[in-house]
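Work through the exercises below with the structure open beside you. Try each task before reading its solution.

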Amino acid sequence: MEFFCYHRDRPGSLALRHEKLEEHWSYMDQYAKEMIARGPTLADDGETPTGSVHILDLPDPAAARAFAFDEPNYQAGVYRDVLLLRWRNALGRTMWDFPGGRDGGNRHLVLGLGTDQAAGAPTAPPDRDELIAYGPLLSDDGAARLGTAALVRAPDPDTARAVLAPARYADVEVHTWRFGGRPS
């Protein structure tokens, strides 16, 4: 089962986040085989972290909850909240398989939350070249579609937002995002 996990930083927690960095990476190293995508969301300055995205394949919702809530930054109080939902990998690849590579261009997390169930399940946009990861957000049992999450390379937030049809969602969020993991 695939899961989308977005930990949002608590205001004023940057120093604690830096203090916990090695613990965070060591924790994530345990999940290297399960990772589909990972990386921080960033403030308008493009440098200050505002959250942490992890998309992974885990056995069940209980394992996903353990992943999200045992995470060292969560345990230390870096995060203010956690969005944890099942997700379906519509592209069938990891971020490391993205043809555009790890660097170059602006990257964004786009979340469409709350859907019009009568509209049917969304499919990936026809131009997949700029999609790093894409798929529906689902309930624990996979029966209800609760939104869509995409990681996309786009020149600006408005172009990134256009990946989702805004009329399908109660809200669409766009966050600056970058490939995560230990520096090489």
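Helices (H or I, at least four residues) and strands (E, at least two) are DSSP runs, numbered from the N terminus. This is a predicted model, in which local features need pLDDT of at least 70, side-chain atom pairs count only at pLDDT 80 or more, and totals for chains, interfaces and linings use all residues. Residues are numbered from 1 along each chain as its sequence is written, and side-chain values use heavy atoms, with hydrogens and water left out.

**Exercise 1. The fold**

Count the helices and strands of the chain and give their order.

Solution. Step one is the count: the chain has five helices and eight strands. Step two is the order, which reads β-α-α-β-β-α-α-β-β-β-β-α-β along the sequence. Step three concerns compactness: the radius of gyration of the chain is 15 Å, close to the 16 Å from the globule rule for 184 residues, so the chain is as compact as a globular protein of that length. Here the radius is taken over C-alpha atoms, and the rule is 2.2 Å times the number of residues to the power 0.38. Step four is the extent: along the principal axes, the C-alpha atoms fill a box of roughly 45 × 35 × 30 Å.

**Exercise 2. Confidence**

Find the strands where confidence is lowest and highest.

Solution. The term needed is pLDDT, the predictor's confidence in each residue, from 0 to 100. Over the chain it averages 91, and 92% of the residues score at least 70. Confidence is lowest in strand β5 (residues 107–115), with a mean of 91, and highest in strand β1 (residues 2–9), with 98.

**Exercise 3. Burial and contacts in the whole chain**

What percentage of the 184 residues counts as buried?

Solution. First fix the terms: buried means under 20% relative accessible area, exposed over 50%, and partly exposed in between (1.4 Å probe, protein chains only). By this rule, 48% of the 184 residues are buried. Next, take contact to mean heavy atoms within 4.5 Å. Among contacts between residues at least 6 apart in sequence, 75% join residues at least 24 apart.

**Exercise 4. Two residues in strands**

Are R8 and S52 buried or exposed?

Solution. Start with R8, which lies in strand β1. R8 has a relative accessible area of 12%, so it is buried. Not counting residues up to four places away in sequence, R8 touches T50, G51, Y79, R80, D81, L111, E173 and H175. Now take S52, in strand β3. S52 is buried because its relative accessibility is 4%. With residues up to four places away in sequence again left out, the contacts of S52 include C5, Y6, H7, R17 and Y79.

**Exercise 5. Two residues in loops**

Where are A43 and D60 placed, and which residues do they touch?

Solution. A43 is in the loop between β2 (35–42) and β3 (49–57). A43 has 23% relative accessibility, so it counts as partly exposed. Not counting residues up to four places away in sequence, A43 touches T48 and T50. A43 and W177 are 134 residues apart in sequence, while their C-alpha atoms are 9.2 Å apart in space.

D60 is in the loop between β3 and α3 (61–70). D60 counts as partly exposed because its relative accessibility is 30%. Leaving aside neighbours within four places in sequence, D60 is in contact with M1 and F3. D60 and D140 are 80 residues apart in sequence and 8.6 Å apart in space, C-alpha to C-alpha.
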